[in-house]
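Biologist: Could you take me on a close look at one part of this model, strand by strand? I'd love a connected account that I can follow with the structure open.

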Amino acid sequence: MTEDAGGKTGRIVRIAGPVVGVTGLEAVRLFDVVHVGELGLVGEVIRLAHDLAVVQVYEETAGLRVGEPVINTGLPLVAQLGPGLLGQIYDGLQRPLTVLQTLSGNFIDRGVSPFPLPQETRWPFTPRVRTGEVVSGGDILGTVPETPVITHAVLVPPGVHGRVADINAGDLTIDEIVAVIEADPETDGRTHEVRLRQAWPVRQPRPVRERLPARQPLVTGTRVIDAFFPVARGGTAIVPGGFGTGKTVLEQALARWAGVDVVIYVGCGERGNEIADVLEEFPALEDPHTGLPLMNRTILIANTSNMPVAAREASIYTGITLGEYYRDMGYDVLLLADSTSRWGEALREISGRLEEIPGEEGYPAYLAARLSEFYERSGRVICLGSDGADAGAEDEAAGRRTGSLTLIGAVSPPGGDFSEPITQSSMTVVGALWALDYSLSRRRHFPAVSWTQSYTLYDLRRWYAANVADDWSDLVQEAMALLQRADELQEIVQIVGPEALSEMEHLLLLVARMIQEDFLQQSSFEASDRYSPLEKTYWMLRVLLAYYHHCRAALEAGAGLEQLRGLPEVAQIARVREVPPDQVIPLLKGLDERLRGSAAGGSVGV
């Protein structure tokens, strides 16, 4: 192992699992990356006390000895950003797993750290600025066709400002100079060489020009989310649930169907077989929006439960830094963290090794602060730079290039107990809660999102009224009220029996069950039902409530409830999910017209 330029060498004096004590690193700073031992294991300085530097090692420390050298790189843990990220499968330290398999086989050798981006690939770079133009941080210098669906914008690094002295075009590697920017002599006067790649510290949020309010929903194609508990584009949500309630399946459905440009899936501390399934399934999936492989706009970060615990803590930051990078190009990005509970457990283990005073259930006292810092990096923003909106959506007011980063974190509370610290700390900082109910999953009701425990804090009624239907919010509120009243009536039935209910209350229970089974349930295996456009979601809900109002009018006119149960519309509503997408809207509109017409005309329809 050779010493890096400008680095300092220390010696190991203490080893406690992934936490190593080092002395002799005179110029070390907090969060500097170091190479530990003869194998050069990657580590990060997490505490400084007099002459002792405490290092968190991101690889297995078995066999490490006291006295081995430690070399400081003088740099923090950074993510390498540039073309070639999409389609890659990384570990928590952004090491490409496909390259690691080639170098060391199915088991990762320690000390092996291949470069995250393909260094030999030549990318066709097309400039968008000319020599002599003045540019600043965030401006787009040019573009590279990274995949058939994503054009990679080469950005001026944040903090750089000056005149373009030289700009190159043609096929370039990530290490070749794209542009030379000369700063104003009256400021720093330095010359900046910009390449296709740039590095960014993973724990430092990337700057933006302005944060925008949450006014648009992220359309997921999942009815229970889009209708009842929507998340804003650039918002945050958590998916807590016990074992077997469908967290991973729901997140994979969001990755495939959500209306975003780039998806980043972080498998943080999950079981190896689940991550293996993800790594096998994602490359084979077809993007429903383009018909091309889904991996053309996806990055996978795999850090399984049997990998070093310290790297698990870093994987979340690696993923969100990659997300911010594509957000700054003007894209809408979705980051799925599965799961933040395993990330919190990594914090707890490292905190114990550091002998810190534990908080609730042994988690460090700063758990809530770390979770807050993570979720606060989401948002819909006006990107840095003076460019227009070529690479992404336009802001309706400023006309600037805008992008968004939506964070959705799975939570795995032990025993499904939502009162545990990670769930409670997450609930205080996110905007939507999709609580998965164990009893629903046992009844094969998927997605098992509880309509009594879940909520959303995003007020998107104005958007739905302008883009879907004026009465969208009214329908949603009425359906939620029916479900809540049905739960209350079920409690009465369990105490005194169904005979205590009136026919009108029995009707309410019937319609609530239809909402649950025919609307909220959604099959990921049924081609016609796995994705529900907002128009279909709206008409399904409208027809169900039209049936409810029709039956109320019929009961008041003297019809019997058993007659109403046997209406042909009941069977048609139940089969709506099987109808092909090109036929479902006319069918629903016809049902709605018949039901509302008969209710308004006083006909009982039986």
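Modeller: Happy to! Let's begin at a turn: in the hairpin of β4 and β5, two residues lie between the strands, and H50 there takes a positive phi near 55°. A word on the ground rules: this is a predicted model, where local features need pLDDT of at least 70 and side-chain atom pairs count only at pLDDT 80 or more, while totals for chains, interfaces and linings use all residues. Residues are numbered from 1 along each chain as its sequence is written, and side-chain values use heavy atoms, leaving out hydrogens and water.

The names of strands come from DSSP runs (E, at least two residues; helices are H or I, at least four), numbered from the N terminus. Strands count as paired if DSSP finds at least two bridges between them.

On one side of the turn, β4 covers residues 41-49 and pairs with β5 in the antiparallel sense over six bridges. Within that pairing, A49 stands opposite L52 in β5.

β5 itself spans residues 52-57, and it has a second partner to follow. Strand β2 (residues 19-23) is joined to β5 by five bridges, and these two run antiparallel. Here G21 is the residue opposite V54 in β5.

How enclosed is β5 by the rest of the structure? Five of its six residues are buried, so β5 is largely enclosed. Buried means under 20% relative accessible area, with exposed over 50% and partly exposed in between (1.4 Å probe, protein chains only). As background while you look, side chains in a regular strand alternate between the two faces of the sheet.
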